[in-house]
Amino acid sequence: MSDAFKPKSEFLHVMQARGYIHQITDAEALDAALKAGVVTAYVGYDCTADSLHIGHLISIMMLRWFQRTGHRPITLMGGGTTKVGDPTDKDQQRPLLSDAVIAANLASIKGAFQRFLRFGDKPTDATMVNNADWLEKLGYVEFLREYGVHFTINRMLTFDSVRMRLEREQPLSFLEFNYMLMQATDFFELHRRFGCALQMGGSDQWGNIVNGVELVRRRAGAQAFGLTTPLLTTASGEKMGKSVGGAVWLNADRLSPYDYWQMWRNTEDADVPRFLKLFTELPLPEIGKLASLKGAEINEAKKVLANEATALLHGRESADAAAAAAKAAFEEGKLSEDLPTVELPRAQFEAGVALAAVAADVGLATSRSDARRLAQGGGLRVNDQPVTDGQRALTVADLNADGVVKLAAGRKKIVLVRAV
């Protein structure tokens, strides 16, 4: 989108000012529609895991701002599309999940949206829809005649999700090839049922979104729009949202509020201003002041980022508890009930359990060998004391009066291990 574009609608003004926009199908027309009245938009989420992760957060924040600026968001659950699997940015087909697993995943991820969106029956209240409601009712011949006729193989082969797989000589199943048709069908059905006029998503979804815009135009004779966000990477070029233990999950049972807070606290200095704009609702002038902090003072801005981002997902009380636990653990050397805690049979301490094994199991290292290397470099600590012996064992002598040992990796990760 051109930098010369000056939005008149509040939503696009916020999106532009905070850095959410990568591409828009027709910026001027969308801006006019948003200025004229309530618009309905959707983002789709497949049910490939039992929790969403931080990679989904930017689109959830877009839906939140969409609602805050007077419009109606739809969260589309991919109960149907998950059975096919999105080939975008994938070198091989996703494992096919059973109906039972998809249903369980769908039920589990619903809760994350409750923190960010207001659901109900008012004109700008959010709605949650499952695309299995229409996709599973379509007969194959009906699907081909009603929707397949609007797509050409020539054009589909030009989309990145298809072209890159073919260029790498990786197989693309006919099942996956149908995904883009199904996603376009979703847009048409949401337009028909709810008057939805806008689909939003990541930049990797641009081709799929354009297909949906075209299908709405062809079948309904109506104008629809697409809006994508930039690919989110850190200042060092890493994909946003990976931690030592893997994905940064949004469900508290997959990643504790404390670990979520710590992930934001450990943001690279150069990313702080951008992440404050994208993942908090702080006013831009306040963000500007925080972004101007230099040297060690930037750590205060990181704490604000961690507090605000954690409060949005887990609530202010959990954010405050995580901040207090981090302060006690890192600045005062104390233990806190809010620190991540795992349990280990006391018998293992009595026999002597390898520190490297425990460190790997609790996520302080990626493997036992990684934990041993970390220890040899002085990067592992037991009860705040550096460990240099990669073969070090944990014993009952390491437990405090409450039967707890404090393990730390570097200055960024702490786990309490309780003997039971």
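Start with the outer face of helix 4. Ala100 and Ala107 are exposed there, on the face turned away from the buried side of the helix. Keep in mind that this is a predicted model.

Now the other side of helix 4. The helix runs over residues 99–116. Its buried residues are Ile102, Asn105, Leu106, Ile109, Ala112, Phe113 and Phe116. Look down the helix axis and these buried residues fall within an arc of 115°, so they line one face.

What covers those buried residues? Several elements do, including strand 2 (40–46), strand 3 (72–78) and strand 4 (127–130). Helix 3 (57–68) and helix 15 (298–314) are also among them.

Next, the surface. Ile153, Leu157 and Leu166 make a nonpolar patch of about 260 Å². Take Leu166 from that trio. Leu166 sits in helix 8, residues 160–167. Is Leu166 buried, exposed or partly exposed? Its relative accessible area is 45%, so Leu166 counts as partly exposed. The cut-off for exposed is over 50%.

Last stop, Thr234. Find Thr234 in the loop between strand 6 (225–229) and strand 7 (242–243). Thr234 has 15% relative accessibility, so it counts as buried. The limit for buried is under 20%.

Which residues does Thr234 touch, leaving out those up to four places away in sequence? Met240, Glu268, Asp271 and Arg274. Pick out Glu268 on your screen. The side chains of Thr234 and Glu268 make a polar contact at 3.3 Å. So that loop residue is buried, and its side chain has a polar partner in Glu268.

Notes: Residues are numbered from 1 along each chain as its sequence is written. This is a predicted model: local features need pLDDT of at least 70, side-chain atom pairs count only at pLDDT 80 or more; totals for chains, interfaces and linings use all residues. Side-chain values use heavy atoms; hydrogens and water are left out. Buried means under 20% relative accessible area, exposed over 50%, partly exposed in between (1.4 Å probe, protein chains only). Helices (H or I, at least four residues) and strands (E, at least two) are DSSP runs, numbered from the N terminus. The arc is that of the directions from the helix axis to the C-beta atoms. Contact means heavy atoms within 4.5 Å. Patches are made of residues with over 30% relative accessible area and no salt bridge: like charges are joined within 9 Å, nonpolar side chains (Val, Leu, Ile, Met, Phe, Trp, Tyr) within 5 Å. Accessible areas come from the Shrake-Rupley method with a 1.4 Å probe; for residues, only the protein chains shown count as cover. A salt bridge is a side-chain nitrogen of Lys or Arg within 4 Å of a carboxyl oxygen of Asp or Glu. A polar contact is a pair of N or O atoms within 3.5 Å; within protein, one must be able to donate a hydrogen and the other to accept it, and residues adjacent in sequence count only if both atoms are side-chain atoms.
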